[in-house]
Amino acid sequence: MTVPITRWWWIRHAPVTSHGGRIYGQSDVPADCANLASFAGLARLLPTDAAWIASHLARTHQTAAAIFAAAGKPVPALVIEPLLAEQHFGDWQGLTHDELATRRDGAWHRFWLAPAKLAPPGGESFVEVIARVGTAIERLTAAHQGRDIIAVAHGGTIRAALALALGLEPERALGFVIDNCSLTRIDHIGASASSDDPASAASWRVATVNHPPVIADRA
């Protein structure tokens with residue numbers, strides 16, 4: 001019996017080098033797309049017939065355009081989904097890490113800027129990021145059921161997708177390393193419409209996490 005499998009190909013945007021060491025979160029800073037080999041390497045890994053989705057932040061659009069330029073193809077029609085944006089750090093955006101530590105009386109987090117349940121002043125917690133990302137994933141999976149979805153997004157967004165797929169506690173999900181221009185693939189396996197077996201319910205599987213671009217050998 002066949003069930004629909006919807007493959008999510010998550011790409012974290014290209015590096016941001018213009019932030020001056022400051023926390024940018026949802027600030028609309030540009031990506032550095034100079035490393036053409038990375039984009040060519042990503043193009044080799046991705047399916048050719050897929051729906052392309054990006055957050056509303058320009059660095060994701062620039063990364064998608066760089067991938068297509070490296071492949072010698074026109075830029076696809078991107079579906080812009082603001083719910084896939086990076087975590088909003090509120091009043092912390094624009095601060096250096098040292099300035100943030102001063103504001104928080106020296107408190108620090110081993111992986112992230114703060115514990116998963118803590119919302120910065122004027123911002124959102126990672127728990128809230130998981131909730132909004134989940135809303136978008138559910139809707140887009142239904143809209144593109146059985147297809148490949150390439151989503152150019154952010155480190156926090158991809159960690160949220162992994163938390164949802166694996167049923168992780170939010171704090172545990174912050175431990176994932178998601179590098180710039182890395183690929184994470186998560187497959188949604190649809191439910192069987194003709195079975196009452198709980199094992200046939202819709203589920204997720206993780207195919208790869210933080211996979212680097214495939215760089216061609218140089219002669």
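**View 1. Trp 9 meets its partner in strand β4.** In this predicted model, Trp 9 has Ile 150 of β4 as its bridge partner. Step back a little, and you can follow the pairing along the strands: six bridges join β1 (residues 5–12) to β4. The two strands β1 and β4 run parallel.

**View 2. Ala 50 stands opposite Asp 148.** Now look at where β2 and β4 come together. Ala 50 stands opposite Asp 148, a residue of β4. Strand β2 covers residues 50–54, and five bridges link β2 to β4. Here, too, the strands are parallel: β2 and β4 run that way.

**View 3. Strand β4, face by face.** How many of the six residues of β4 are buried? Six of the six are, so this strand (residues 148–153) is largely enclosed by the rest of the structure. To see how this works, remember a handy rule: in a regular strand, side chains alternate between the two faces of the sheet. Try sorting the residues of β4 by side. On one side you will find Asp 148, Ile 150 and Val 152. On the other are Ile 149, Ala 151 and Ala 153. Both of these sets are buried, so both faces of β4 are covered.

**View 4. Cys 33 and Cys 181, two cysteines without a bond.** Why is there no disulfide between Cys 33 and Cys 181? The sulfur of Cys 33 lies 7.4 Å from that of Cys 181, its closest cysteine sulfur, and this is too far for a bond. For a disulfide, the two sulfur atoms would have to be within 2.5 Å. Seen from the other end, Cys 181 is in no disulfide either, and its nearest cysteine sulfur is that of Cys 33. In fact, the structure holds zero disulfides. The surroundings are worth a glance as well: Cys 33 is partly exposed, at 22% relative accessibility, while Cys 181 is buried, with a relative accessible area of 4%.

**View 5. The backbone at Cys 181.** Stay with Cys 181 and turn to its backbone. This residue sits in the loop between α6 (170–173) and β5 (183–189). Its phi is positive, about 65°, although Cys 181 is not a glycine.

**View 6. Asn 210, another residue with a positive phi.** Which strand holds Asn 210? Asn 210 belongs to β6, made up of residues 203–211. Phi of Asn 210 is near 60°, a positive value in a residue other than glycine. Is Asn 210 buried or exposed? With a relative accessible area of 18%, Asn 210 counts as buried, because the cut-off for that word is under 20%.

Technical notes. Residues are numbered from 1 along each chain as its sequence is written. This is a predicted model: local features need pLDDT of at least 70, side-chain atom pairs count only at pLDDT 80 or more; totals for chains, interfaces and linings use all residues. Side-chain values use heavy atoms; hydrogens and water are left out. Helices (H or I, at least four residues) and strands (E, at least two) are DSSP runs, numbered from the N terminus. Buried means under 20% relative accessible area, exposed over 50%, partly exposed in between (1.4 Å probe, protein chains only). Two strands pair if DSSP finds at least two bridges between them.
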